[in-house]
Structure formats: C-alpha cells, structure tokens
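Biologist: Please go through this model with me. I will ask what stands behind each label.

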Amino acid sequence: MPKSPAITALPCRTDVLISGAGPTGLTLAAGLRRLGVDHVLIDRNAGIQPGSKAAAVQPRALEYLDRIGVGTGLVKDGHKARGFCLHDRDRTLLRACYDRLDTPHPYMLLASQQTTEEHLVRQLAELGGTVHREHRLVGFAVDFPGVTVTVAGPDGVLRAVTTRYLVGCDGVHSQVRDAVGIGFPGQAPEQLFALADVYLKPGARAAVSEGATFFLSGAGLLLVSPLAGDLYRLVAPVSSGSPPPDAKAVEHLLARRGPVGGTGSVDRVVTASTYRTQERVAEQFRSGPVFLAGDAAHTHSPAGAQGMNTGIQDAGNLAWKLHAVLTGIAPEALLDTYHRERQPVAAQLVALTGQFSRIAALADPAAGRRRNALLVAAAATEGITDWLAATLAQLDVAYTSEPDLGVPRPGTRVSPVAVPPDGLHWTLALPGTPRRGITASGHGVLAVRYVPDLPTTLLVRPDGYLAAAGVPDSPAKVIDRIGEYLPLAQ
Ligand SMILES: Cc1cc2nc3c(=O)[nH]c(=O)nc-3n(C[C@H](O)[C@H](O)[C@H](O)COP(=O)(O)OP(=O)(O)OC[C@H]3O[C@@H](n4cnc5c(N)ncnc54)[C@H](O)[C@@H]3O)c2cc1C
C-alpha cells in the first residue's frame, strides 16, 4: 500500500475540511489548492488502496483533470480505448466509438483507480497540498457558522478542527451523511458480481481489442476491458455465495459467455473479488455547512463506468463555488446550486445504469434474443451510437432545462476544443483574433481566449460550463458584473 510521503501536523482551523481521500476528495483538494483555498484533507487509511475498482476514466473527467494538471500524466499511464462494444459471443450487436466526440480526449481511458489516485496525490503534493493519512473523522458538531470536527489521529489522540465547511467524500458508507441525517434512499439488488484482473493469452486478447466489451450471451453478462499493459478486467454476475474467481472460474466465464474459442485463455489472475452494488442517491447534497460528494452522495452499478467519473465532476462543481463564496465573489446562496445541479445528474445516472444492468442481465433466452435484435436495430439507426457515446463520456451533462434552440444556453458544457481553458480560471471567450491589447491572462480570476468563428462573447465557468453569452467584451466589466452571471436564478 503506497503511503503519502508528506506527514504534516493537523491544523486546528481551516476553511474546508474534506473527509475521505478517494478520487473525489483528492480531486476536490487539488482544485481547492489550485484556487488557493485553505483546506484539510483527511483519510482513515494509511495509503491508496491497491487494485483497480474504477477502470475507465471518461472524457469529461479528463477535461476537468486537465484543468487541475492531472490529465496529461494520467493519459500517458493509461490505455486509450476507442469506446465500448456490445457483443453476443463473437457477433457485434452495437459499437459506440468515442472517435467523433468533440473533446480533446476522444477515447475512454482505461487505467486502474489506483493509478488515477496516485496521479491526484502527486499533483496535490506538487501544488503544496497533502493527505493527512490515518486520520479518521469520528464526529462533528455544526456550530454556526461552521463545523467542529473531531478527528482521531494515528496515535489515537482525538483532535478538534474547526472549519467553515465540511465535505463528506467518505464513500458509500459515509459517516458524514449519516451524522448530518441526510437520507440515502434506493435499493440494494441481490445480484452478486465477480471481478478479476487477469493476464490473458494473446488469442483471447484479440476479441476485446477495441475497448470495454459487454458480452450479452444466453449464459449471462460478461464485461471484459483492457487495462494498461496486458492486464484485463473481467466482471460478471455470478450466483449467490460464489467465491472470488480463480483462473479456472475465469476461463469458465469466458468459455460460456465470452468470444467463441476464448477457452484456455488465462495466463494469471492478479486480483479477484466479489461485490454487490447498491442504487442510491442522497436526498440532499448540502445541509448547511456540510456537503456530500462522490459515492457518499450517490452509488450505483459499476456497469457503464460512471461512479468515479461522477465524483470527479461533483468535486469540480463544488471547488469553484466554495472558492467564490469564501473570497466574497459570490453570496452563500451559490452553494445551494451544488445540490440543484448535481443531484439530478446523479439521479439520472442511477436510473440509467440500473436499467442497463437489468437489460444486460436478462435471464430469459427469448427476451435476450429480442434485446439483442433491438440493439442491432439501434446501432443501425443514425445518431444512436453517437448519443450513447456522448452520454457515457458524460459530455452531455447539462445544468439547464431550457430547450436547445441552437443558441448558447447557460449551464451547458463548452467544449475545451472550442474554448481552451486556463486552469480553474473563468474564461471570457471573445470573437475574432487578439486585438485592443487585451491579454490572455492578468485579469485575476478571469482568462481571455479569442475564438475566430464565435458568434457572440461567452463566459465559461471554472468547471467548463457556460455561465452567460453576450457578456461585455471587456474583462474588467465582466469581473465587475460577475455576480450577474452566477447560476443563482436558474
Ligand atoms: C468493481 C468496481 C468497478 C468500478 N468501476 C468503475 C469505473 O470503471 N469507472 C468509474 O467511474 N467508477 C467505477 N467504480 C466506482 C468507483 O470505484 C467509485 O465511484 C469511487 O471509488 C468513488 O470515489 P469516492 O472518492 O467518492 O469514494 P471512495 O473511493 O470510496 O473513497 C472514500 C474514502 O473515504 C475514506 N473514509 C471513509 N470514512 C472515513 C472517515 N470516517 N474518516 C476519514 N476517511 C474516511 C476511505 O478510507 C476512502 O479512502 C467501480 C466500483 C467497483 C466496486
């Protein structure tokens, strides 16, 4: 278990205390650090947990990770997959390729969660931040206007930290969520899943060379995705009470559900486990000075590779809002928009992944054949696979209910290909080419970009969503009026 190299005394006062240094807490800490927000990040574990859990980083998450300086290094250590496929044994039913997506990362990056967390920890350290390892949140009291958090250190001594805001990034069994009394309704399906990371022999590798492949055979679902190197991730629903799969069990799954001829295909099993999923969304993502993010706020089937990616977006949504409120750019009410924007995204995601899991796991052979025929028809219908790719890539997440009338809508994503970002600055995109001596930077929280074919000026939030269109073309005026462009009234 790699340990965080930095050991720093726990401060007794901070602006933001983050409980949990999984991918969500680490992303939030790196963002806050980049924005210069004073914070403390604690985790009860001694180091990053080994193993792969989340194996796919989606384009939208990579776009945000680019903003905090993690994207480039992570991409180098991952495997770029073209997208995902649905198969019935050797027959391709549907192929959703990311190649045509409007993003600097038109691929699904396959990298273990451990690798992603290692990059986040490294970047946090480079920015001067740290993880207080072996520090466990044991309780807290909300004392207006903040929170007093009790933390147990590695020596067993309890310390109090007063903080303006507390963010629970402490996973699905979140103590923060339970202690603040936020409900976590949903369901826990009985289905048991087996997971194994294995080295496959060359013959079996060829069948899954395009990326994550869902085999929907009559014998049940099998998901195979390449990780970095020659390592492969296999996930399959198995009968209750099954032990973690060994090489023989993995070969059996491949032979019955995977590509024809996929027998005798396992070189070595690296890790194996079984798990159950839950489908739940927190009723509130904010209660006064306490916030929930990542798995603490939502959990669902890993089919579709969305959980960690959604936690990263939660962190991206919250970081700039905390900064804006703590620095007086925005009123406290901006923090309510975190729940308003992110909770519906999580609810939709839980519904989508639940539906997908149930459709993929159809036990009745006749229903399975009808499903497969429908998938083939869907794949042949123009626009469907592109829509599916954009949905799983999380590029179509939007914080607006306004219909798309072909004009820029506040709350929709602005592609970084069209308007290149500058870290976690707001971005003022001006039509045309550089003129009137307006430089790209040097405007405090605002960066300026010139975009030749832009029909109107755009103001882009630090998390990559449109704040407003048709704003003044003067950085000073935009900064003066930035309060008008916050998503408060939407
Ligand atoms: C088999 C499997 C495959 C998956 N595949 C994918 C995928 O491909 N793509 C994807 O996006 N997602 C995937 N996921 C989901 C993904 O792993 C989670 O969504 C992700 O780990 C959530 O990150 P998090 O930081 O919110 O929570 P966690 O990763 O659960 O981190 C929570 C942290 O909080 C700490 N903590 C808890 N309590 C306390 C406390 N009291 N005090 C201090 N620290 C505390 C824990 O030690 C932990 O480090 C998969 C999950 C599984 C199980």
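Biologist: What makes the pair of a ligand nitrogen atom and the side chain of Gln175 a polar contact?

Modeller: A polar contact is a pair of N or O atoms within 3.5 Å; within protein, one must be able to donate a hydrogen and the other to accept it, and residues adjacent in sequence count only if both atoms are side-chain atoms. A nitrogen atom of the ligand is 3.1 Å from an N or O atom in the Gln175 side chain, so the pair meets the cut-off of 3.5 Å. This is a predicted model, where local features need pLDDT of at least 70 and side-chain atom pairs count only at pLDDT 80 or more, while totals for chains, interfaces and linings use all residues. Residues are numbered from 1 along each chain as its sequence is written, and side-chain values use heavy atoms, with hydrogens and water left out.

Biologist: Which other residues have polar atoms at such distances from the ligand?

Modeller: A polar backbone atom of Leu137 is 2.9 Å from a ligand nitrogen atom, and a polar side-chain atom of Asp295 is 2.7 Å from a ligand oxygen atom. The protein covers 88% of the 1,000 Å² of accessible area that the ligand has on its own (Shrake-Rupley method, 1.4 Å probe; for residues, only the protein chains shown count as cover).

Biologist: Why is the ligand said to lie between two domains?

Modeller: Domain 1 (13-55 + 112-187 + 280-351) and domain 2 (80-110 + 190-276 + 362-392) both give residues to the shell around the ligand, so the ligand lies between them. The domain bounds come from an automatic or database domain assignment. The assignment also gives domain 3 (399-490).

Biologist: What is known about the contact between domain 1 and domain 3?

Modeller: Their C-alpha centres lie 27 Å apart. The contact (heavy atoms within 4.5 Å) takes 18 residues from domain 1 and 14 residues from domain 3. About 1,300 Å² is buried between them, 70% of it from carbon and sulfur atoms; buried area is the accessible area (1.4 Å probe) that two parts lose on being put together, summed over both. In domain 1, Trp320, Ile329 and Glu341 lose the most area to domain 3, together 43% of what that side buries.

Biologist: What makes Arg89 and the bond from Phe144 to Pro145 worth listing?

Modeller: Most residues other than glycine have a negative phi, and most peptide bonds are trans. Arg89 is not a glycine, but has a positive phi of about 50°. The peptide bond from Phe144 to Pro145 is cis, with omega near 5°.
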